[in-house]
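User: Could you take me on a close look at one part of this structure, starting from its largest pocket and moving on to the elements around it? I would like one connected walk-through that I can follow on the screen.

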Amino acid sequence: MIRPDYLKQGDKVAIVCTARKFSREEAKLAIELMNSWGLEVVLGDTIGLDNYQLGGTDEERANDFTKQLKDPDIKAIWCARGGYGTVRIIDEIDFSGFVDNPKWIIGFSDVTVLHSHIHNLGVETIHGIMAFSVEKSLVESRDSLYRALFGQELSYQIKGVEENRCGKANGVLVGGNLSILYSLLGSQSSMDTKGKILFIEDLDEYLYHVDRMMHNLKRNGLLNDLAGIIVGGMTDMHDNAIPFGYDAKQIILSITKEFDYPIVFDFPSGHGVSNLALNLGREVELEVLSNVVSLKFK
């Protein structure tokens, strides 16, 4: 995997809308955070645009992202917010030259479209807080993004939970939002997970739909040859009046019961209170013990 250059003092970071709209007023805290790290913020042309839910038309959002990709002075592109809309523009973004001159693409949730597509180009990305989430983000989440961007050591240790499947694994970390990964199956943006460690998280889904998505990933071969699974926040899950009968952890364990790779639940990344940064496309070392889980980026 190709690793973009780490950031340094004075570098420029562009904030753009690939999905939902984001105003210049809302950008103030994100700008302050980047400035405190010694970075200069460039607001993309889509910041402040209002096209119903979206931050501009599909053409405007695709053009803005392409513009920041092509600008040699921009060293990272920070997606303003998720929601929905990135898949509408992914095929209109011009990635020519990106592999030769890569830069960090940052975000989570709907930005999984970019993570998955860019992974197939062979370039690392960062799953982490977005500009809109700075206001409510924990210090540990912001600090982890700083370490990921500036090339400092990135490793995590969390308390183990009863449902975890113990074991050790090494592999490239891939993934993101489960609903988005599910929606990309069969497209050129669907990723190859063979031998890799799959990270998944989701928000506001019905349990039966989690079951449907996991079965579909399995039927498409994405779960068969994994090195391991890391499950982040499965946040605000819903059930029907007649219960589905299984929670998210039980669903995942049931669908993967024939495999012996380690599985981690409740990893503090995704839509939950904590959203630790993850270098997607990076080789990691995962160790799952009964009482503690460690994840180290190489």
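**From the largest pocket to helix α2**

Analyst: Happy to! Among the helices and strands, helix α1 (residues 28-36) gives the most to the lining of the largest pocket, with 3 residues. Please keep in mind throughout that this is a predicted model. The pocket holds about 450 Å³ of space. Its lining is made up of 23 residues, and those that lie nearest the centre are Phe132, Ser133, Val134, Glu135 and Lys136. By character, the lining splits into 10 nonpolar, 7 polar and 6 charged residues.

Now let us turn to the next helix, α2. Helix α2 covers residues 58-70, which makes 13 residues. From its first C-alpha to its last it reaches 18 Å, close to the 18 Å expected at 1.5 Å a residue. Its buried residues are Arg61, Ala62, Asp64, Phe65, Thr66, Gln68 and Leu69. As for what they pack against, the partners are three strands, β1 (12-16), β3 (74-79) and β4 (104-107), together with helix α3 (112-119).

Thr66 is a good residue to zoom in on, and you will find it in helix α2. Thr66 counts as buried because its relative accessibility is 14%, under the 20% cut-off. If you set aside the neighbours within four places in sequence, Thr66 is in contact with Glu92, Ile93 and Asp94.

One of the packing partners of α2, strand β1, deserves a stop as well. Of the 5 residues of β1, 4 are buried, so the strand is largely enclosed by the rest of the structure. Strand β1 is joined to strand β2 (residues 40-43) by 4 bridges, and the two run parallel. To find this pairing on screen, look for Lys12, which stands opposite Glu40 in β2.

For another pairing, look at the open sheet of 7 strands, ordered β6-β13-β12-β7-β8-β9-β10, where the pairing is mixed. Its edge strands are β6 (155-159) and β10 (263-264), each of which pairs on one side only. Within this sheet, strand β7 (residues 167-177) and strand β12 (residues 283-288) run antiparallel and are joined by 6 bridges. Here Asn170 stands opposite Glu285 in β12. As a general reminder, the strands of a sheet pair through backbone hydrogen bonds, either parallel or antiparallel.

Key: Residues numbered from 1 in each chain as written. Predicted model: local features only at pLDDT ≥ 70, side-chain atom pairs only at ≥ 80, totals over all residues. Heavy atoms only, no water. Pairing = 2+ DSSP bridges. Expected span 1.5 Å × (residues − 1). Buried < 20%, exposed > 50% of the residue type's maximum accessible area, 1.4 Å probe, protein only. Contact = heavy atoms within 4.5 Å. 1 Å grid on protein atoms, 1.4 Å probe; cavity = no way out; pocket = protein on both sides within 12 Å on 5 of 7 lines; lining within 4 Å. Points joined across faces, edges and corners; volume = space filled by probe spheres on them. Nonpolar A, V, L, I, M, F, W, Y, C, P; charged D, E, K, R; others polar.
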